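Me: I would like to learn how to read the features of a model like this one, with the cut-offs spelled out as we go. Could you take me through it step by step?

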Amino acid sequence: MVLHGKIPRRILRLMFLLVLPITLVCFTLLFGYERSLKAQASLTLQAEQQKGTLIITNQIESVFSQYVSDLLVVYNSNEFSDYAQDPNETTLLDLARLFVRITNQKEYIFHQRFIDTQGKELIQVDRNPGGLITLVSEEQLEDLHKFELFLSVRNLAPRVLYISKVTAETDEKGNQKSVITLALPAYRGSVFLGVVAIDFDACHLLSFMAAYQGTLNKDLSFSLIDPQGRVLLSGENSCLALYETNRNLFTEIPELRSSLYDSDQGSVVIGNVIYTYQAVYPRTYERLSWNPGRVRLWTLVSSFNTADVPHLTHEFLLSHGSVKYAISVLVFVLGSILVVFFQVRAGDKQQMRISSLIAEYATNGIVVCDAQQNITFCNQAFEELSGYTQNELIGRSSHRLRQDLQVVTHTRHQEEIHPAWVFHRSGNKFLTSLSITHLFTRGNKLEYSVEVYSPSQWTPSDISELCELANHDPSQCFSSVFSLLNHKTTVSCLCIRVQNSKELGMLLNQSERVKFSQSLAATLSTLLGTTIGVHAFSFDSYFVFLKDTELDESMSKKIQSLVRTFQEPYNTLDIRLDCGISHYPSTSSNIFDLLVDAYLASQMVEKLKNGRYVFYTSDVKKRYQRHTAIRDALSTVFNTDQMRLYYQAQLSVESGTIIGAEALIRWEHPVLGTVSPDEFLPILQEQQQLDHLGRFVITESIQFLSRNLAFLRAACPAFSLSINLSPEEFSNPSLIDLLGSQLREHRIPDNFLTVELTEHTAVENLTSANSTLDKLHAQGIAIAIDDFGTGFSSLSYIMELSIDMIKIDRSFISRYPDSQSITIYKTVLLLAKEVGATVLAEGVEKAEQLAFLAEIGCDQYQGYYFSKAVDEAVFLKQVEQVTIKT
Ligand code: C2E
Ligand code: CA
Ligand code: CA
């Protein structure tokens, strides 16, 4: 429902197993796509480089060839050959005219010169600023014999072209020019005639490069380098800025030199930079060679850095590299949102299905409240618990339906469990164990509370302790009772407990227990007429507070009638009620004592046996304390030698001789003193520790027989030692086996041992009893029915079991000479004779009782008249004395 701030594992797992891989795949694809785009872009750029270098080189070469042909026009002209045939004033003037004509036609020609064999200019035609062509006058002609141009060309063979470096020049008007000079030596036959030279506009030759660069609109830089690697011109620069970069590619990138001269064109990758180059040759159509031979003139180099490819292309993905990260993050975020969304929805659905199932079938009451503590949902179990329908409950405050017995502070992560009363529609109150879980929104605001009301495990003592600890103001705990006490009235507190709750608990399921509890509380409320309703602590403990009452006869009557009512089966169930009563102010001084004292008294009902109710007194309290002390001491008693067997003689009524003994357990505790079996046997039984006792009694009594066998045989030949076996011991096969094996081990003759079973034991285990009885008989053990007459079984029924002795309960002899008890004795004797069983009278204390027994012909007796149970030594003395007497 609510994630509680923590990301559930399932969502995390899905994010790792699904969203993350998808994101990675997406990123890898984007990355791969980007790389392929980059490679493609790189190839495209390279192609553009190649195209660019080819076009530029072609352009330069064709312009260059134009320059060469212009030079050849002069060289091959009639005027020049006329002059060569006959160098005179006229032919020179004709040549000069030709120079003017040509210069006039070709605006890229700056100067034309003809230099004689001595280096002296014979003709010079200039293009002046403004386009005016002038033939330089004779006086102004220069002597160039020391100039590089003349010195180089003078030594050239015929038809070998001279190409100067490109140089920058400034004319008289301060205009920048770049100049390249082409020249040819002139010969007639082998006679050197002079030099024909034209200065061309290098800018005209190279301007295309910058123009082309301009069309590219990209950072594909083109550079023209000379054979030494110096950058003559960079594409982006104007051709007037020759050599201005001062760069030398060969010093910058030494590897470039060898690559560039491997072939005339190609590409080379150095580091991240791709260089594409194209050699520039002076193209000469005529059979001209040029100085210095077939060496390239320049090299056009284009370069780009692969790292710059993204900027050089128009691909969005490349120019915005972070896009792939953004897309991946977006995929991850979206994926996560989807996963969380679907998981939460699936979780919600699942949760709701589970919740409704749980709520429907839960035997605990479940209530869901909104932030204002108003009920938004409750299950059927809570309807039963409160007596209201869901429709009546929705919208009501859950706090008004209950009272918490502990002040609890709501912390976020803690689930609190505390006792709380639930107010039933009838006015009765039911104690529950309330657990509240608070569900918060992400913003830490309380959204829902889920309250689970389960059956209380708290005892009244827990509650009063808790209330006393938690609240200095006791009114908080039992407000209604407290207001009773406050009005200076007397109040009786009845703690009514279902004595056979264990058996009932096994018959009823939880929801039936709730119903049982409500119906019992309602009945008690009507029968006792309480003003504040019955407080039910659990399905077997109820508290009723009665105003203006005393612990007197009328109260006894009230309770007796109550107990009587429940003697009839209640709602088809057999229930037995015990009642403990306390009183304010005579026995208990405050609400907590009142509660605890009544509860304590109710626990003593069984032990005190004065009907089914006990008024709380200080004596009751003492007994209760002794009871708990015994319980505590019992846990370790079999590790001490505090337990001993005592022996009570069984005598012949007729002869007065001892013909047996009953082994009775005795416990001498250093602090508690003598603890009677009636006190501790029920506790051992409760704790299911009776087999400890059984083992002890069996081994001890057989050792007694074994030790004294010879003496007893001699003194009383028919001697038999009786041991008591409780129902639990009797139905424990390992104890029965132990009995047989011990008898054999100590070679005890037949009939030296008798097992006493109560009427109850014998009848209740009838089917299995018969087989166990047979087993005992087979081992030479006699069987006696103990406490005969206290059960309700018919005598003839008992007679069907093969019984050796019937011990008539001591309550009959104590009532002698009551006529009913006389009848019993007579009847039992009659029937016993028929089946051949001996009859023993228990609890003979007086001579007249013994006389009566003799009169009716009872076989044996046992009782204080002869002796209490005594230890082994005393008993043996008794045997001795009785034997000597007779
Ligand atoms: P029980 O088997 O009926 O034992 C006889 C009880 O009556 C003994 O009480 C005995 O001390 C007492 N008694 C004997 N003669 C007289 C008499 O003349 N007047 C009166 N008022 N009482 C007399 P005790 O020893 O307190 O035993 C109580 C019960 O505890 C026994 O009743 C028996 O059911 C049980 N018990 C005693 N020892 C053992 C034992 O070793 N194993 C088992 N499972 N139960 C035992
Ligand atoms: Ca007995
Ligand atoms: Ca008895």
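Me: Is aspartate 787 buried, partly exposed or exposed?

Reply: Buried means under 20% relative accessible area, exposed over 50%, and partly exposed in between (1.4 Å probe, protein chains only). Aspartate 787, at 25% relative accessibility, is therefore partly exposed, whereas aspartate 786, at 7%, is buried. This is a predicted model, in which local features need pLDDT of at least 70 and side-chain atom pairs count only at pLDDT 80 or more, while totals for chains, interfaces and linings use all residues. Residues are numbered from 1 along each chain as its sequence is written, chains are lettered from A and ligands numbered from 1 in the order in which they are written, and side-chain values use heavy atoms, with hydrogens and water left out.

Me: Which protein donors does the calcium ion (ligand 3) have?

Reply: Donors are N, O and S atoms within 2.8 Å of the metal (3.2 Å for Na, K and Ca), and because water is not among the atoms, sites may look incomplete. For the calcium ion (ligand 3) they are Asp786 (OD), Asp787 (OD) and Glu842 (OE), with Glu842 (OE) listed twice, and they lie 1.9 to 2.6 Å from the ion. Along the sequence, these donor residues follow the spacing D-D-x54-E.

Me: Which residue coordinates both this ion and the calcium ion (ligand 2)?

Reply: Aspartate 786 coordinates both, and the two ions are 3.8 Å apart. The calcium ion (ligand 2) has as protein donors Glu662 (OE), Asn724 (OD1), Glu756 (OE) and Asp786 (OD), at 2.0 to 2.4 Å, with the spacing E-x61-N-x31-E-x29-D. Helices (H or I, at least four residues) and strands (E, at least two) are DSSP runs, numbered from the N terminus. Glutamate 662 lies in strand β26 (residues 658–669) and asparagine 724 in strand β28 (residues 720–724), so this pair ties together parts that are 62 residues apart in sequence. Glutamate 662 is buried at 5% relative accessibility, while asparagine 724 is partly exposed at 25%.

Me: Where does leucine 672 sit, and is leucine 672 buried or exposed?

Reply: Leucine 672 is in the loop between β26 and β27 (673–675), and at 17% relative accessibility this leucine counts as buried. The C-alpha atoms of leucine 672 and threonine 489 are 40 Å apart, with their positions 183 residues apart along the chain.

Me: Where is isoleucine 22 placed?

Reply: Isoleucine 22 belongs to helix α1 (residues 9–75) and is partly exposed, having a relative accessible area of 46%.
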